[in-house]
Amino acid sequence: MQELWRLKLDWNDSLSIQLESQWKRFVTFLSTINTLNIPRYILLDYALKIELHGFADATEKAYGAAIYVRCLSNSGEISTNLLCSKSRIAPLKSITIPRLELCAAVLLAKLAQKTITSMKISFHSTVLWTDSTIVLAWIQKDPSVLKPFVRNRSVHLEIVNSCSTDAFIGALKRFIARRGKPSDIYSDNGTNFVGANNELRKILKDLFNKESTGKIEDFIASEGIVWHFNPPATPYFGGLWEAGVKSLKSHLKRVVGNTVLTHEEFSTLVIQVEAVLNSRPLCNLSSDPNDDFVLTPAHFLVGSSLTLYQIQI
């Protein structure tokens with residue numbers, strides 16, 4: 001199906017000889033499903049030890065995870081049975097094998113966690129396996145030294161009346177009240193705004209002067225928050241949040257254009273844009289191809305997707 005999508009074939013288009021051959025071979029192999037025999041009872045009577053083992057693997061076309069239960073009885077008998085499995089097709093965009101192996105490891109970790117919480121069994125040990133030494137090295141490294149591969153980025157937007165220190169602290173207080181207190185804050189340094197006009201440079205200089213920075217740092221320290229400034233002249237350090245800023249500007253240009261809005265109208269619009277950005281799909285919530293419900297950043301904020309109503313401004 002993915003290959004058909006990649007080739008952009010229409011419903012009535014004929015398949016190539018190669019694709020037709022692959023489909024016929026697949027249909028022929030479907031009959032072997034009748035020969036599969038998977039026992040429902042996976043344990044041994046009087047089991048002394050019950051272990052959960054998970055395996056993750058990936059190829060260029062797909063990746064998957066499988067969970068097995070291994071039992072040892074008091075008579076020395078050992079049984080190993082497949083409990084559950086899950087697979088995913090590799091994305092259309094080409095991804096390296098190590099990254100697909102990482103996706104498989106994440107899939108296995110989630111599947112194992114769901115299995116352990118769902119079953120009323122006390123496992124003596126849980127072991128998750130991968131044959132990728134690169135993935136094992138990534139897992140053992142400090143996340144701060146790794147480049148982001150897949151990351152959820154929720155968006156929170158605040159409107160302020162000025163670029164003063166008090167306005168910044170007020171916006172931060174509102175953020176904490178609505179979203180909770182963060183452990184760390186990462187931000188640009190005022191000198192990073194390359195290409196700003198003289199007036200904006202002066203505002204930023206005033207905002208990030210020694211006295212203002214000290215006041216902000218005192219407030220943040222009193223809240224137990226660690227504030228990380230990007231080094232000067234390194235605007236590329238904030239690529240993650242700069243992407244959010246770019247998305248905000250794009251929506252505002254399309255909706256507002258040259259229209260002059262009141263403060264209330266602008267605040268409402270910005271919050272609506274925030275909801276749009278937090279409604280972007282991250283992944284499917286189920287493996288059912290007919291299920292169009294997806295996981296969004298809003299699920300991490302409010303526990304469900306956000307519904308927007310179109311309001312004429």
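A salt bridge here is a side-chain nitrogen of Lys or Arg within 4 Å of a carboxyl oxygen of Asp or Glu. Keep that cut-off in mind, because the pair of E274 and R179 falls inside it, with N and O 2.7 Å apart. The model is a predicted one, and that applies to everything I say today.

I'll stay with E274 for a moment. E274 sits in helix α9 and R179 in helix α5, so this salt bridge ties together parts of the chain that are 95 residues apart in sequence. E274 has a relative accessible area of 5%, so we call it buried. R179, by contrast, is partly exposed, at 30%.

Which other residue forms a salt bridge with E274? That is R178, with the closest N and O atoms 3.9 Å apart. This value is still within the 4 Å limit, so the pair counts. Here too distant parts of the chain are linked: helix α9, residues 263-277, holds E274, and helix α5, residues 165-179, holds R178. The separation in sequence is 96 residues.

R178 also has a salt bridge to E158, at 3.3 Å from N to O. E158 is in the loop between α4, residues 133-140, and α5, so this pair ties together parts that are 20 residues apart in sequence. On exposure, R178 has a relative accessible area of 43%, which makes it partly exposed. E158 is partly exposed as well, at 26%.

Put together, these pairs belong to a network of salt bridges that links E158, R174, R178, R179 and E274. The structure as a whole holds six salt bridges.

One more item in helix α9, which is where S267 is placed. A polar atom of the S267 side chain lies 2.9 Å from the backbone oxygen of H263. Is S267 buried or exposed? Its relative accessibility is 17%, so S267 counts as buried.

Now the nonpolar interior. The largest nonpolar core has 20 residues, and Y63, I67 and V69 have the most contacts inside it. Three elements give two or more residues to this core: β1, residues 47-58, β2, residues 62-73, and α3, residues 97-118. The largest share, seven residues, comes from α3. As general background, nonpolar side chains in soluble globular proteins tend to be buried together.

What does Y63 touch, leaving out residues up to four places away in sequence? The list is D57, A58, S87, R88, I89, L100, C103, A104 and L107.

Next, the nonpolar side chains at the surface. L7, L9, L15, W23, F26, V27, L30, I33 and L36 make a nonpolar surface patch of about 840 Å². Helix α2, residues 17-30, supplies the largest share of that patch, four residues. L9 comes from the loop between α1, residues 2-7, and α2. Why can L9 be part of such a patch? Patch residues need over 30% relative accessible area, and L9 has 32%, so L9 passes that cut-off while being classed as partly exposed.

There is one backbone point to raise. Y46 is not a glycine, yet it has a positive phi of about 60°. For comparison, most residues other than glycine have a negative phi. Y46 is in the loop between α2 and β1. With a relative accessibility of 68%, Y46 counts as exposed.

Last, the figures for the whole chain. The secondary structure comes to 10 helices and eight strands. Of the 313 residues, 26% are buried. The chain exposes about 22,600 Å², and carbon and sulfur atoms supply 57% of that area. Among contacts with a separation of 6 or more, 60% are between residues 24 or more positions apart. The salt bridges of E274 with R178 and R179 link residues 96 and 95 positions apart.

Terms used
Residues are numbered from 1 along each chain as its sequence is written. This is a predicted model: local features need pLDDT of at least 70, side-chain atom pairs count only at pLDDT 80 or more; totals for chains, interfaces and linings use all residues. Side-chain values use heavy atoms; hydrogens and water are left out. Patches are made of residues with over 30% relative accessible area and no salt bridge: like charges are joined within 9 Å, nonpolar side chains (Val, Leu, Ile, Met, Phe, Trp, Tyr) within 5 Å. Accessible areas come from the Shrake-Rupley method with a 1.4 Å probe; for residues, only the protein chains shown count as cover. Buried means under 20% relative accessible area, exposed over 50%, partly exposed in between (1.4 Å probe, protein chains only). A nonpolar core is a set of buried Ala, Val, Leu, Ile, Met, Phe, Trp, Tyr and Cys residues joined through side-chain atoms within 4.5 Å. Contact means heavy atoms within 4.5 Å. A polar contact is a pair of N or O atoms within 3.5 Å; within protein, one must be able to donate a hydrogen and the other to accept it, and residues adjacent in sequence count only if both atoms are side-chain atoms.
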